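Subject: Structure handover

Hi,

Here is the structure I said I would pass on, together with some notes on what turned up in it. Have it open while you read.

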Amino acid sequence: MTGLAAPGGETRDASGPEGLAYLRRGLSAEEVAARAAAGQSNVGPPSPGRSVGQILRANLFTRFNAILGSLLVVVAFVGPLQDGLFGIVLVSNAAIGIVQELRTKRSLDRLAILTAPKAHVLRDGRSGDVGLDEVVIDDVLELLPGDQVPVDGEVIETRGIELDEALLTGEAAPVPKALGETVLSGSFVASGTGRIRATAVGASSYAAQLESQARRFSLTRSELQQGTNWILRLVTWVMVPIGLLLIVTELLRTHQSVADALRGSAAGVGAMVPEGLVLLTSIAFAVGALRLARQRVLVQELAAIEGLARVDVLCIDKTGTLTDAGLRLHSIEPLGSRTRDELEAALGAITASEPAPNATLRAIAAAASSDPGWALGGLVPFSSARRWSGYAFEGHGTWVLGAPERLGVPLSEHDGATLHHHQAAGRRVVLVADSMAPLPEDGRTLPDELGAAALVVFEERLRPDAAKTIGYLIDQGITIKVLSGDSPRTVGAVGHAVGVPRSGEPEDASALADDDALARALDATNILGRVQPEQKLAAIGILQSRGHVVAMVGDGVNDVRALKQADLGIAMGAGSESSKSVARIVLLDSSFSSVPQVLAEGRKVIANIERVANLFVTKTVYAVLLAAVVVVGGVPFPFFPRHLTIVTTFTIGTPGFFLALASRAPRAAPGFAKRVLRFTVPTGAVAAAACFSLYAICRATPHTTAAQSRTAATLALLGIGVWVLALVSRPLTLPRLGLLVAMIAGAGAVFAVPLSRRVLSLQIPPASVLLAGAVVLAASIAAISFLLAVAGRIGWRRLEAPG
């Protein structure tokens, strides 16, 4: 059978549905519709975010909601209704969580549409873009550099196409694909162009069958969520046996009525539940993602918000990060015997014959002469691994464009000095060489007898915000490593212009023999040029092996593996589809200045969740200890549910909601769970001791009632709770001080208003008990300060940053 002609490439014999006509026009609209109706379309995996159903289940069907719901049923049975006030908190918590997450999901989904990849298909003889889920079996897909292959397919046309399959097979080098060979979904076009026929789509494709390649909602992979889950498991292990013992004690040993025993049991067990911790953790992440969405930053995994806050090394490229993505032709400087007219004709022919021009060729095309009409006889497309591209023209020889160091063509002393001058000025320089020898068939070897023909010099415009952004990141203690494919001199000049610290002279990564040499270079300098894609990957791994948390900013197919390897991959919105598909964060405006916003948001999320955790876990600690004392002593639990509702409303729940959304925080550090326990165990223990001491004093005071004893215990716990709230709110900025005053005023109003005292069974104890309470409170504050000082580097000290 006959194939289509492809200048400089090859086309497979037509093997599709209708032979040669199929290759020329692709599927018809009717054929596409028939395949879609038969379920042969490329329906992909669910998005990485949670679905509406998952959000509802996560906020409604939890173990703690089940416990509190059961207690609410018990309280509703024995009454009175005011002991069921915690049910309002239970419902409102779930409602707030659902509404906030749904709101964030809508915003992120709208942004995700802007970055959703498209497939280039040939249908009815016309090329066009369609959504990935609209591709069907037998579709003809056109593949360009940087594209991610959306389906499995068979190569039917190639112009030097090479695929990066490292994420699928581990193969480091790009793999050339010949006619008839299979391409796998999930691979990336490293260089060249081509067409494939879709042979497997949707769940049948290779990438869909690799669970490890599927991106998932990854909140559970964050240290915050792991630490929170560990704390919740610990609480569950302690709460179940203590809770059961408390119920038995209340019913059988305290000589109370059954109703009072059940109320006390409900209060004790309910107090052990850190009901708002999971809610406010989710809200903090969701609000962080929503804030970033308003800044045109798409968070593809919520845990990524936390990631940058922990980063201490940021690896960046030069082009597209420190400089604008576009190039401008500065000059064409002839070398050797070629005239300017000959050079401009050759460059015009090269730009006209390249089906997928990169930024270099686009800049030449914008300034060079028009196409002279030379017939293309062979082509080796540019790739980051080769650092050169080659073009053979019938009757006009072979022309090669590439990095001067990579081509290895000798230059005169004068020409070499010119090259170094441009590089030192921060310009990109491409060497044009020519030869009468043909292009080698392997596509990897340079032609013989190459001679220098010209230096093509390009200018890049520094991003106006680059210097400010670099300065901010350095001030925040983040080390900057510039890993670029450009000349070390050029990269060094640009890095110096934007303020990247030079710990040593820029180094040429192409001269580094192995990973050990690369590791030494990373120690010696912050700027490396001529970095190969596999060296970027290795550099990330080396830095991580030394205990660093590494982020990577990239925009090209050569950055894909490094973006995937980094603790946090950040892609530019104008970058390749491949880089955006693996990154956890996409800067939709391609603005490097958005990175500090992500950093600040992550720090806020971590610090705020730590504050909230300190409040809720302190409550759990003192509730468990009070229950243990009740079990051992056989005395009634010091509270009814209504009393604990007062304490939690004014010292934990309401202030916790506002603290979860507070702004500004210091750089995060590992050890979230340990810091929380170092804070909550001593404060919870002191709170339990103070509460039970005043409870016991009031019970021992003549002529006092059980209601007065419970009120005394409530006052003690309120006092300690306010002090703990003040500690976790530090530094006490004006808004936080206002929050603290409002909580004190609200609690005071409950005790001051006769109606609320009557409804909530509050009876002010005698003056002697109140005086004893003041002494107990003062001693407790001193004890907390002492114990926290002994604990050393405690969690709340990390929160004493301006904010």
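Before the helices, a word on angles: an axis is a line fitted to C-alpha atoms, for helices over the stretch in contact, and angles run from 0 to 180 degrees between N-to-C directions. Also keep in mind that this is a predicted model.

**Two helices that cross**

Start with helix H10 (residues 303-310) and helix H21 (residues 595-633). Their axes come within 7 Å and cross at roughly 100°. Angles of 65 to 115 degrees count as roughly perpendicular, and H10 and H21 are therefore roughly perpendicular to each other. On the H10 side, the contact is made by Ile305, Glu306, Leu308, Ala309 and Arg310. H21 brings Val595, Val598, Leu599, Glu601, Gly602, Arg603, Val605 and Ile606. Sort the residues of this contact by type and you get eight nonpolar, one polar and four charged.

**The six-stranded sheet**

Next, find the open sheet of six strands, which has the order S11-S16-S15-S14-S13-S12 and antiparallel pairing. As a reminder from class, strands of a sheet pair through backbone hydrogen bonds, either parallel or antiparallel.

Which strands sit at the edges here? They are S11 (328-334) and S12, each of which pairs on one side only. On average, neighbouring strands of this sheet are turned by 20° against each other, if you ignore direction.

Look at the S12 edge. S12 (residues 376-380) is mostly covered, with four of its five residues buried. S12 and S13 (residues 388-393) run antiparallel and are joined by four bridges. If you want a pair to click on, Leu376 has Phe393 in S13 as its bridge partner.

At the other edge, S11 pairs with S16 (residues 451-459) in the antiparallel sense, over six bridges. There, Pro334 stands opposite Ala454 in S16.

Two helices go with this sheet:

- Helix H12 (residues 359-367) packs on the sheet and touches S11, S13, S14 (397-402), S15 (428-435) and S16; its direction makes about 90° with that of S16.
- Helix H14 (residues 413-424) lies across S11, S15 and S16, and runs at about 20° to S16.

**The eight-stranded sheet**

There is also an open sheet of eight strands, in the order S9-S22-S21-S20-S10-S17-S19-S18, and its pairing is mixed. The edge strands are S9 (297-299) and S18 (507-508), each pairing on one side only. S18 runs parallel to S19 (residues 527-529), and two bridges join them. In that pair, Asp508 stands opposite Gly529 in S19.

**Salt bridges**

The structure holds 25 salt bridges. Three of them are worth a look.

The first one involves Arg195, which you will find in strand S8 (residues 188-200). Arg195 forms a salt bridge with Glu142, and the closest N and O atoms are 3.0 Å apart. Glu142 is in strand S4 (residues 140-143), so to speak a long way back: the pair links distant parts of the chain, 53 residues apart. Is Arg195 buried or exposed? Buried means under 20% relative accessible area, and Arg195 is at 18%, so Arg195 counts as buried. Glu142 is buried as well, with a relative accessible area of 18%. Leaving aside its neighbours within four places in sequence, Arg195 is in contact with several residues, including Leu23, Leu122, Val140, Glu142, Glu154 and Ile156.

Now go to Lys318, in the loop between S10 (313-316) and S11. The side chains of Lys318 and Glu460 meet in a salt bridge, at 2.3 Å from N to O. Glu460 is in the loop between S16 and helix H15 (466-475), and this pair links parts of the chain 142 residues apart. Glu460 is buried, with a relative accessible area of 13%, and Lys318 counts as buried at 0% relative accessibility.

Lys318 also forms a salt bridge with Asp486, where the closest N and O atoms are 3.3 Å apart. Asp486 lies in the loop between S17 (479-483) and helix H16 (488-498), so the pair ties together parts that are 168 residues apart in sequence. Asp486 counts as buried too, at 6% relative accessibility.

Finally, there is a network to trace: salt bridges that share partners join Arg35, Asp138, Glu154 and Arg197.

Have fun clicking around!

How values were computed: Residues numbered from 1 in each chain as written. Predicted model: local features only at pLDDT ≥ 70, side-chain atom pairs only at ≥ 80, totals over all residues. Heavy atoms only, no water. Parallel < 35°, antiparallel > 145°, perpendicular 65-115°, else oblique. Contact = heavy atoms within 4.5 Å. Nonpolar A, V, L, I, M, F, W, Y, C, P; charged D, E, K, R; others polar. Buried < 20%, exposed > 50% of the residue type's maximum accessible area, 1.4 Å probe, protein only. Pairing = 2+ DSSP bridges. Salt bridge = Lys/Arg side-chain N within 4 Å of Asp/Glu carboxyl O.
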